[in-house]
Amino acid sequence: MPPLFKHIFRFILLILFQVFVLDNIRLHQLATPYLYFLFILWLPFNINRTVLLITAFVLGFTLDSFRHHPGFHAAACVMIAYVRPFLINFLIPQEGAETNYEEPSIQSMGGLLPYMIYAGILVFIHNAWLFLLEAWQFENAWYFFSKTFLTTAVCLVLILITEWIFPRKQKFRTNTI
Amino acid sequence: MRNIFLFIRRYFNFLLFIFLQMVCVYFIVSYSKFHEAAFGKTANQITGKINKRYSNIQYYFNLRKTNDSLVKANERLYNQLRLDRQRSDSIQLAQIDSLFTDSLVQASSFVFRGARVVSNAVSTPNNFIVLDGGSAKGFHKGMGVISAEGGVVGIITETSTDFSVVMSLLHKDSRISGKIFKTGETGTVTWDGEQPNVLYMNGIAKSVKVAKGDSIITSGFSTTFPKGLLIGRVEGAYAVPNTNFIKIKITTHTNFYNIQHAYTIENKNATAVNELLKHVQKQLQ
């Protein structure tokens, strides 16, 4: 499967899963399950930063169209897309791992811990920015923080389950031909 | 000039990031303007079609619950019919039949139309409900929506040809005029964005006595809802510090978790009343 089709397929599948499965699960008003941003986390290492920002905007905007109030998820997605390259530079273990592997995964990040830190920070930023925008006029800080932390925890569990059910085999590519 | 181009090229990603964030905030703030634009309607039509496919499947699994709620609604209506019939004979004789029934029907300015709920949300601070039926069915912006149990659900904010979007009571911009049934005081009913079955009523003076379980009904002061539809029941009352008002906590009559059917309310006098109001406002200016 060409890489572009793979990403389009993921895009559609994650949006549909988010809208029709996860949005119908009501755990608690403090913990909303989100998984659709896995699309951004799984984009390849060598993607152009401009393309990354625009793709993230389109992803967020698509979800917003289903929620009938545009802007919230698009803003959160653009935020994590902007932070992602810095975080990858900071977390990649050895020189050249981003050229050896195609996209971020437990294997290519060098273990479960760096991958979960990578996912955890991005998910936290996504949720914090999203709830901050949504809660523009509520002044309850305690509610905001507990909501952000609980939702992040639920999202991380979902990401772990997804990684476990759909293991992505990463080909080891060397840049020395 | 050259320096400006160099600057833009060097910080292009950062500028794009700032630009996209500003676009998003613009969408959030100017929600209503955006949705009146053609694009909002197209998006609504597309997502509505996808939602309807899914809802057709889900609908099947909820048939039992839907049946139950419809039976209850029927029961309520039957009871109302009984109430009308239980008059003593003499009064019945004194009344002219045609006047009693026909004139009442004509005098009622509200038309109820059923619609199926295609998509529904309760988990965000801004919840919307999508109904299967739009301008082709006669739905239009500003119409009130109630559930099968007879509780208030929300107000239509936008319609396309086949679908309409309802701003549910669970939306931070939702403002509905409510009334305490027992004492008759009116106030504004809002949602604080936390629990999907708890609303708050503001603007009630401290002197008013409310008890747990009192009904809160629509006031009938706006053209959207007729008087007397149940919004919810009083759960408790709290004093607002430094003011002369209390805040009343209400549990909603409508169960927002599983709305399957809804009724839209059309007020035939709405345009006449609104025109009159506009006319008066123009005179005052």
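This is a walk through a predicted model, from the overall fold of chain A to a few residues in chains A and B.

Start with chain A. Its secondary structure comes to seven helices and zero strands. Along the sequence, the pattern is therefore written with helices alone, α-α-α-α-α-α-α. The chain has 177 residues, and 56% of them are buried. Consider next the contacts in chain A with a separation of 6 or more. Of these, 73% join residues 24 or more positions apart.

Now take helix H3 of chain A, residues 49–67. Its 19 residues should span 27 Å at 1.5 Å a residue. The end C-alpha atoms are 27 Å apart, so expectation and model agree. H3(A) is largely enclosed by the rest of the structure, because 14 of its 19 residues are buried. Look at both of its ends. At the start, a side-chain oxygen of Asn48(A) comes to within 2.9 Å of the backbone nitrogen of Thr50(A). Just after the helix, His68(A) has a positive phi of about 65°.

Helix H1 of chain A, residues 3–20, passes the same H3(A). H1(A) has 18 residues, which should span 26 Å at 1.5 Å a residue. Its end C-alpha atoms are 26 Å apart, so this helix agrees with expectation as well. The buried residues of H1(A) are His7(A), Arg10(A), Phe11(A), Leu14(A), Ile15(A), Gln18(A), Val19(A) and Phe20(A).

How do H1(A) and H3(A) meet, and at what angle do they cross? Their axes come within 11 Å and cross at roughly 35°. The crossing is right-handed. From H1(A), the contact uses Phe11(A), Ile15(A), Gln18(A) and Val19(A). From H3(A), it uses Val58(A), Leu59(A), Thr62(A), Leu63(A), Phe66(A) and Arg67(A). By class, that gives seven nonpolar, two polar and one charged residues. The four H1(A) residues named here are also listed among the buried residues of that helix.

Move on to helix H7 of chain A, residues 141–165, where Thr151(A) sits. Is Thr151(A) buried or exposed? Its relative accessible area is 0%, under the 20% cut-off, so Thr151(A) is buried. Its side chain reaches the backbone oxygen of Lys147(A) at 2.7 Å. Leave aside residues up to four places away in sequence. Thr151(A) then touches Leu30(A), Ala31(A), Thr32(A), Tyr34(A), Asn127(A) and Phe131(A).

Chain B offers two residues to look at. Tyr31(B) lies in helix H3 of chain B, residues 31–36. Its relative accessibility is 10%, so Tyr31(B) counts as buried. Which residues does Tyr31(B) touch, not counting those up to four places away in sequence? On chain A, they are His68(A), His69(A) and Pro70(A). On chain B, they are Phe128(B), Thr157(B) and Glu158(B). This leads back to the first helix discussed: His68(A), touched by Tyr31(B), is the residue with positive phi just after H3(A).

The other residue is Asn242(B). It is found in the loop between strand E10 (230–239) and strand E11 (245–252) of chain B. Its phi is near 65°, a positive value in a residue other than glycine. Is Asn242(B) buried or exposed? At 84% relative accessibility, over the 50% cut-off, Asn242(B) counts as exposed.

Definitions and conventions
Residues are numbered from 1 along each chain as its sequence is written. Chains are lettered from A and ligands numbered from 1 in the order in which they are written. This is a predicted model: local features need pLDDT of at least 70, side-chain atom pairs count only at pLDDT 80 or more; totals for chains, interfaces and linings use all residues. Side-chain values use heavy atoms; hydrogens and water are left out. Helices (H or I, at least four residues) and strands (E, at least two) are DSSP runs, numbered from the N terminus. The expected span of a helix is 1.5 Å times one less than its number of residues. Buried means under 20% relative accessible area, exposed over 50%, partly exposed in between (1.4 Å probe, protein chains only). A polar contact is a pair of N or O atoms within 3.5 Å; within protein, one must be able to donate a hydrogen and the other to accept it, and residues adjacent in sequence count only if both atoms are side-chain atoms. Axes are lines fitted to C-alpha atoms, for helices over the stretch in contact, and angles run from 0 to 180 degrees between N-to-C directions. A crossing is left-handed if the near helix is turned anticlockwise from the far one by less than a right angle, and right-handed if clockwise. Contact means heavy atoms within 4.5 Å. Ala, Val, Leu, Ile, Met, Phe, Trp, Tyr, Cys and Pro count as nonpolar, Asp, Glu, Lys and Arg as charged, and the others, Gly among them, as polar.
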